[in-house]
Amino acid sequence: MSSIINRFLGKKSVRNEELLALADRLSFRNSQLDSFLIGHFIQRDKTDPVEYFAFQEQLLKLHVDRFEAMQVELNLLNQYLQLAERFLPAGFSVKWENKLQSQDEIMLPPLILFPVVQHAVENGYNTMSSHPVRIRLSGSSKLIMLEVSYRVNHYLESQFSSTLIRDFRQRLDYLFPEKHNLLMNSNSNTSRITLTIQL
């Protein structure tokens, strides 16, 4: 809509680098200190905290301006999903498929894949093995694609109106202007988010 208005008025939208840089840091911090996971960890008083603290320590060592190897990101995502499986009281089911080629060569901003997965874990109904969070990673050293789908939460007015997603959109605009795509769609049963990043 804004592009139509800008065309009509003969104006181009101005990219506010300072605000986008702040959004980059905020989105990174949202993933680094996941309040949803922390809340469930606190509620599970019988849970051995060692694994969670080790995971959180790794996250806190990351720096927003220092790229990390893809394998670091994938290891952290795997740990996050294992912790979610342990902490969520109603249970949690996930199906993970990694078809990414040449992942040893890929360097990424830290926690750049996290918000899409965190959103699905927090907002979906994923307790049954027949309705898991489905995560599919594919691509090459030039382009990565992350597809995440989950069972719709019918109690939410909008499946994608979280601050986690809004901040993440701006982080992508800051880090990958004109080189990313974030598609989100939902029907009565399934929500799907597809992230594509050109490297």
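A residue counts as buried here when its relative accessible area is under 20%. In this predicted model, His40 comes in at 14% relative accessibility, so this histidine counts as buried. His40 is found in helix α3, which spans residues 35-43. Setting aside residues up to four places away in sequence, His40 touches Phe87, Leu88 and Pro89.

His40 has company in α3: the buried residues of this helix are Phe36, Leu37, His40 and Phe41. Looking down the axis of α3, these buried residues fall within an arc of 135°, so they line one face of the helix. That fits the usual geometry, since an α-helix has 3.6 residues a turn and residues three or four places apart therefore point the same way. Over on the other side of α3, Ser35, Ile42 and Gln43 are exposed. As for what the buried residues of α3 pack against, the partners are α4 (49-60), α5 (70-87) and α6 (114-123). The start of α3 also has a polar contact worth a look: a side-chain oxygen of Asp34 reaches to within 2.9 Å of the backbone nitrogen of Phe36.

Next come the aromatic rings around Phe41. The model holds six aromatic pairs. In one of them, the rings of Phe41 and Tyr52 have their centres 4.3 Å apart and their planes at 20°; with planes under 30 degrees apart counting as stacked, this pair is stacked. Because Phe41 lies in helix α3 and Tyr52 in helix α4, the pair ties together parts that are eleven residues apart in sequence. Both partners are tucked away from solvent by the accessibility criterion: Phe41 is at 13% relative accessibility and so counts as buried, and Tyr52 is buried too, with a relative accessible area of 5%. Phe41 also forms an aromatic pair with Phe87, this one tilted, at 5.5 Å centre to centre with 45° between the planes. Here the link is between distant parts of the chain, with Phe41 in helix α3 and Phe87 in helix α5, 46 residues apart. Phe41 and Phe87 are both buried. Put together, ring pairs link Phe41, Tyr52, Phe53 and Phe87 into a cluster. Phe87 thus turns up twice in this part of the model, as a ring partner of Phe41 and as a residue touched by His40.

Turning to the strands, five of them form an open sheet with mixed pairing, in the order β2-β4-β5-β7-β6. The edges are taken by β2 (94-100) and β6 (180-186), each with a single partner strand, so one side of each is left without a neighbour in the sheet. On average, neighbouring strands of this sheet are turned by 10° against each other, direction ignored. Within the sheet, β5 (residues 143-151) and β7 (residues 190-198) pair in the antiparallel sense over nine bridges. To put residues on this, Tyr150 stands opposite Ser191 in β7.

Two helices can be placed against the strands. Helix α6 lies across β4 (133-139), β5, β6 and β7, and runs at about 5° to β5. Helix α7 (residues 163-175) packs on the sheet as well, touching β6 and β7, and its direction makes about 155° with that of β6. Helix α6 appears in both halves of this description, since the buried residues of α3 pack against α6 and α6 itself lies across strands of the sheet.

Methods:
Residues numbered from 1 in each chain as written. Predicted model: local features only at pLDDT ≥ 70, side-chain atom pairs only at ≥ 80, totals over all residues. Heavy atoms only, no water. Helix = DSSP H or I, 4+ residues; strand = E, 2+ residues; numbered from the N terminus. Buried < 20%, exposed > 50% of the residue type's maximum accessible area, 1.4 Å probe, protein only. Contact = heavy atoms within 4.5 Å. Arc of directions from axis to C-beta. Polar contact = N/O pair within 3.5 Å; in protein donor to acceptor, adjacent residues only side chain to side chain. Pairing = 2+ DSSP bridges. Axes fitted to C-alpha atoms, helices over the stretch in contact; angles between N-to-C directions. Phe/Tyr/Trp six-rings, centres within 6.5 Å; stacked < 30°, edge-to-face > 60°.
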